[in-house]
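User: I would like to go through the labels used for this structure and see what each one rests on. Please set each value against its cut-off.

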Amino acid sequence: MKTILTYGTYDLLHYGHVRLLKRAKERGDYLIVAISTDEFNAIKGKKAYYSYELRKEILEAIKYVDLVIPEKTWEQKIDDVKKYNVDEVVMGSDWAGNEKFEILRDYCQVVYLDRTEGISTTQIKEDLNLKEDDNELR
C-alpha cells in the first residue's frame with residue numbers, strides 16, 4: 001500500500017483543493033491530509049474562516065481523503081512521515097523548493113503538483129472583500 005500525505009489549511013474549500021486532493025489520491029492507495037490547527041495558523045499569522053474542527057469535518061467527507069490529522073507545528077513533518085509510514089508527500093507547486101518540505105526527501109518522495117489555474121483561497125477572500133466594499137458604496 002502506498003501512503004500519500006499532504007498539508008494545508010483547507011479553508012473556504014474550493015474546486016482547486018478538490019482537484020489537488022484527487023490528484024494526490026491518484027498517486028497512491030491511502031491519502032492523509034494534515035490540516036493546520038487554529039493555533040498553528042495564529043503562529044503563521046493566518047486566520048481561517050472555519051475552525052479546525054469544521055475544516056476537518058469537511059475534509060473527512062471528501063471521498064479521496066482517508067485520514068485527517070492536525071498540523072500543529074512546522075517541525076512535525078518528519079515525525080508524521082515516520083508515524084504513518086508515508087511514501088510520498090504531495091504539495092502544491094507554490095511550495096516547490098521550500099526547505100520545510102525538501103528536508104523530507106531523506107525520508108520519502110516529495111512531489112509538487114501544479115496548482116489549479118484561476119482559483120485560490122486568497123483570491124476568493126479578495127474578491128469577497130471587493131464585493132463587500134462595492135456594496136458599501138451604493
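Analyst: This is a predicted model. A starting point is T6, whose side chain reaches the backbone oxygen of V90 at 2.6 Å.

User: What makes the approach of the T6 side chain to the backbone oxygen of V90 a polar contact?

Analyst: The distance is 2.6 Å, and the limit for a pair of N or O atoms is 3.5 Å. The pair therefore falls within the limit and counts as a polar contact.

User: Why is T6 called buried?

Analyst: T6 has a relative accessible area of 1%. Buried means under 20%, so the label applies. Leaving out residues up to four places away in sequence, T6 touches L21, L31, I32, V33, A34, V90 and M91.

User: What makes strand 1 largely enclosed?

Analyst: T6 lies in this strand, which spans residues 3-8. Six of the six residues of strand 1 are buried, so the rest of the structure largely encloses it. In a regular strand, side chains alternate between the two faces of the sheet. Here both faces are covered, with T3, L5 and Y7 buried on one side and I4, T6 and G8 buried on the other.

User: How do you know that strand 1 and strand 2 pair?

Analyst: There are six bridges between them, in the parallel sense. At least two are needed, so strand 1 and strand 2 count as paired. T3 stands opposite Y30 in strand 2.

User: Which residues have the most contacts inside the largest nonpolar core?

Analyst: They are Y10, L21, L31, V33, I35, L59 and V65, in a core of 17 residues. The elements giving two or more residues to this core are helix 1 (15-26), strand 2 (30-36), helix 3 (52-60) and strand 5 (109-113). A second core, separate and of 15 residues, includes A34, V81, C108 and V110. For L21, contacts beyond four places in sequence are T6, Y10, L31, V33, L59, I62, Y64 and V65.

User: Why is the pair of Y7 and F101 called tilted?

Analyst: The ring centres of Y7 and F101 are 6.0 Å apart, and the limit for a pair is 6.5 Å. The angle between the planes is 55 degrees. Stacked needs under 30 degrees and edge-to-face over 60, so this aromatic pair is tilted. Y7 is in strand 1 and F101 in helix 5 (residues 99-102), so the pair ties together parts that are 94 residues apart in sequence. Both Y7 and F101 are buried. Ring pairs also link Y7, F40, W74, W95 and F101 into a cluster.

User: Which charged end sits over the ring of Y7?

Analyst: That of K77, 4.4 Å from the ring centre. The distance limit is 6 Å. Elsewhere in the ring cluster, K100 lies over the face of W74, at 4.7 Å from the ring centre.

User: Why does H17 count as buried?

Analyst: H17, in helix 1, has a relative accessibility of 13%. That value is under 20%, so H17 is buried. Its C-alpha atom is 9.6 Å from that of G92, 75 residues apart along the chain.

User: How many helices and strands does the chain have, and in which pattern?

Analyst: The chain has six helices and five strands. Along the sequence, the pattern is β-α-β-α-α-β-α-β-α-β-α. Of its 138 residues, 43% count as buried.

Terms used. Residues numbered from 1 in each chain as written. Predicted model: local features only at pLDDT ≥ 70, side-chain atom pairs only at ≥ 80, totals over all residues. Heavy atoms only, no water. Helix = DSSP H or I, 4+ residues; strand = E, 2+ residues; numbered from the N terminus. Buried < 20%, exposed > 50% of the residue type's maximum accessible area, 1.4 Å probe, protein only. Polar contact = N/O pair within 3.5 Å; in protein donor to acceptor, adjacent residues only side chain to side chain. Contact = heavy atoms within 4.5 Å. Core = buried A, V, L, I, M, F, W, Y, C linked by side-chain atoms within 4.5 Å. Lys NZ or Arg CZ within 6 Å of the ring centre and 35° of its normal.
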